[in-house]
Amino acid sequence: MTGRRSRLVTGIGELVTCAGPDGGIAPDDLAAPADERLGIVPDAALVVADGRVAWVGRAVDAPAADERLDVGGRAVVPGFVDSHSHLVYAGDRAAEFTARMAGTPYDGGGIGVSVAATRAASDDELRALLAARVAEARALGTTTLEVKSGYGLTVEDEARSLRLAREVTDETTFLGAHVVPPELREDRAAYLDLVTGPMLEACAPHARWVDVFCEPNSPHAFTEAEARRVLDAGRAAGLGLRVHGNQLGPGPGARLAVELGAASVDHCTFLDDADVEALAGAAATTVATLLPGVEFSTRMPYVDARRLLDAGASVALASDCNPGTCNTASMAFVLALAVREMRMTAAEALVAATVGGARALRRTDVGRVAVGCRADLAVLEAPSYLHLAYRPGMPLARAL
Ligand SMILES: [Zn+2]
């Protein structure tokens, strides 16, 4: 919906702004309760001009516009902001998922299968696979998508992954420190030198963020000291910081993310009281990004989201769509899991999947329907946002 012409979107049975009823709740106002932040406007309309929201209000008050789109009483919500995905890869790991469901535990080792297939794929093959995955996400209501590298793990393959990711999103993340690649398993120090040296140098021009799988519980991932080195180097190269932490067991990831001022620590499956306290204290800086699709697909325990929310942490929901541990980009599914399994309210879950994701990406122009924001909207085949959790698995949301 770009261009000079203005467009009136009307017939909105329920508009959820995620910015309060008059757009006045700022994205960083963590004190606003989720119910209030939703800012539901019944019988609403909005005007889009030049790709931005130009007016929001009751349909009866709507100004004239060049074009008109009537959504027939459907609900409209901010497009989902999926702040964590791994979409640049080739190959298929359905057999690994099936084995896991039959009892084989997950330790991060299957990533090597995707690495081999990704290295073997041509640019055009990877580009086509990525484009199809982005189209799937959009068709499910996602309008902002962070995409990580991490299945190349050579200088050339990581830089290529990020170059391709940049073709579909500005939110690109260098994840050379995903796992130590098989060929350097006996020489971790050499791989760390590569990731923090030539690989970073080749990747930084195509990336906004650097990320690391900080997980002492996996022999394939990185220790606290290694993760610190990766993040320090990324920061020195001008990248913002993100951390995969506390996924497979208790660990240093969350506290390291807080200490270094990372935008987000993702997973947070195993947090102790000190981790929760640290995240609550750093709520203005570091978001706890929860990825319940992973718990679903690995049969791990769900995060105690209530503990984080009640302590005052800033919480986002994201898909972690990836070939190994969660192969779905459906934010509606993630939201339903958050409500069903993590005891988030439907309001908290929608806020976490929109403005929460925006916070995790340090963006104020997405995740809300307010004047000046990008006109990134999702329309629901439903009269209310409540249906997202109430009708799991149904194709309700699509990008408008
Ligand atoms: Zn991930």
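**Two helix pairs**

Tutor: Leu192, Val195 and Thr196 of helix 6 meet Glu226, Arg229, Val230 and Ala233 of helix 8. This is a predicted model, where local features need pLDDT of at least 70, side-chain atom pairs count only at pLDDT 80 or more, and totals for chains, interfaces and linings use all residues. Residue numbers start from 1 along each chain as its sequence is written.

Student: What makes residues of helix 6 and helix 8 count as meeting?

Tutor: Contact takes C-beta atoms, placed from the backbone, within 7 Å. By class, this contact has four nonpolar, one polar and two charged residues.

Student: Why are helix 6 and helix 8 called roughly parallel?

Tutor: Helix 6 (residues 188-196) packs against helix 8 (residues 224-236) at about 20°, axes 9 Å apart. Roughly parallel means an angle under 35 degrees, so helix 6 and helix 8 earn the label.

Student: And which hand does the crossing of helix 6 and helix 8 have?

Tutor: Right-handed, meaning the near helix is turned clockwise from the far one by less than a right angle.

Student: What makes helix 9 roughly parallel to helix 10?

Tutor: The axes of helix 9 (residues 253-260) and helix 10 (residues 273-281) cross at roughly 25° and come within 9 Å. That angle therefore makes helix 9 roughly parallel to helix 10. Here the crossing is left-handed.

Student: Which residues make the contact between helix 9 and helix 10?

Tutor: Ala254, Arg255 and Val258 from helix 9, with Asp275, Ala278 and Leu279 from helix 10. By class that's four nonpolar, no polar and two charged residues.

Methods
Axes are lines fitted to C-alpha atoms, for helices over the stretch in contact, and angles run from 0 to 180 degrees between N-to-C directions. Helices (H or I, at least four residues) and strands (E, at least two) are DSSP runs, numbered from the N terminus. Angles under 35 degrees count as roughly parallel, over 145 as roughly antiparallel, 65 to 115 as roughly perpendicular and the rest as oblique. Ala, Val, Leu, Ile, Met, Phe, Trp, Tyr, Cys and Pro count as nonpolar, Asp, Glu, Lys and Arg as charged, and the others, Gly among them, as polar.
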